Amino acid sequence: MRKVKVHINNGDLTMMDTEQLQATSVYANIYTRRIKHAEVNVTNGKLTAKNIDTLNITSKNSSIVLDKVNLLDIRNSQADHFDIKEAKTITGKKAYGGLRLTALTGSVDIIGVNADVKIKTIKLYGRF
């Protein structure tokens, strides 16, 4: 099993694929391609990923850019921005900031305060 566990302060992490990522970053950027399961805590930084199966995230004053995510659990998000191209399921808590989703293929269940949520397309396969 390939597992990456990091604590980054004022730096960058660039990596390709891994099965598990456990990351805590403060004033740092994380760039990755494919992750099966990620537990991420980002403060004043940026997470950029191509494809994540499961992402559990806590974030504050950060930017989250995802191409594709199957399950996104936003444990707590304060004053940051999510930009997601495609997501199957999104759950969690979002306060302030925004969440922009280009394509939803499943469901969204978010509790929010002063958060701007935009969903461009809802694709429900096999349903009319």
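A polar contact is a pair of N or O atoms within 3.5 Å; within protein, one atom has to be able to donate a hydrogen and the other to accept it, and residues adjacent in sequence count only if both atoms are side-chain atoms. Keep that in mind, because we'll use the term in a moment.

Okay, hi everyone. What you see above is a predicted model, where local features need pLDDT of at least 70, side-chain atom pairs count only at pLDDT 80 or more, and totals for chains, interfaces and linings use all residues. Residues are numbered from 1 along each chain as its sequence is written, and side-chain values use heavy atoms, with hydrogens and water left out.

Let's start with lysine 94. It lies in strand E6; strands here are DSSP runs of E, at least two residues long, and helices are runs of H or I of at least four, all numbered from the N terminus. Is lysine 94 buried or exposed? Lysine 94 is buried, with a relative accessible area of 2%. Buried means under 20% relative accessible area, exposed means over 50%, and partly exposed is in between, using a 1.4 Å probe and protein chains only.

So what does the side chain of lysine 94 reach? The backbone oxygen of tyrosine 96, at 2.7 Å. A polar atom of that lysine 94 side chain also lies 2.9 Å from the backbone oxygen of aspartate 80. Leaving aside neighbours within four places in sequence, lysine 94 is in contact (heavy atoms within 4.5 Å) with several residues, including Ser77, Phe82, Ile110 and Val113. And from lysine 94 to isoleucine 74, 20 residues apart in sequence, it's 7.3 Å, C-alpha to C-alpha.

Now compare another lysine, number 60, in strand E5. Lysine 60 is partly exposed, at 41% relative accessible area. Aspartate 80 turns up again here: its C-alpha atom is 5.8 Å from that of lysine 60, with their positions 20 residues apart along the chain. Among the contacts of lysine 60 beyond four places in sequence are Val42, Gln78 and, yes, Asp80.

Next, the strands themselves. Two strands pair if DSSP finds at least two bridges between them. How many bridges join E4 (residues 29–43) to E5 (residues 46–60)? There are 13, and the two strands run parallel. One of the partners to look for is lysine 46 in E5, paired with asparagine 29. E5 is also joined by 13 bridges to E6 (residues 63–113), again parallel. There, threonine 48 stands opposite valine 65 in E6.

On to the inside. In soluble globular proteins, nonpolar side chains tend to be buried together. A nonpolar core is a set of buried Ala, Val, Leu, Ile, Met, Phe, Trp, Tyr and Cys residues joined through side-chain atoms within 4.5 Å. The largest one here has 29 residues, and Val40, Leu55, Ile57, Leu72 and Ile84 have the most contacts inside it. Which strand gives the most to this core? E6, with twelve residues. If you click on valine 40, its contacts beyond four places in sequence include Leu21, Ile30, Leu47 and Leu55.

Last stop, two asparagines. Most residues other than glycine have a negative phi, and most peptide bonds are trans. Asparagine 61, in the loop between E5 and E6, has a positive phi of about 50 degrees. Asparagine 114 has a positive phi of about 50 degrees too, and sits in the loop between E6 and strand E7 (116–122). Asparagine 61 is partly exposed, at 38%, while asparagine 114 is exposed, at 57%.
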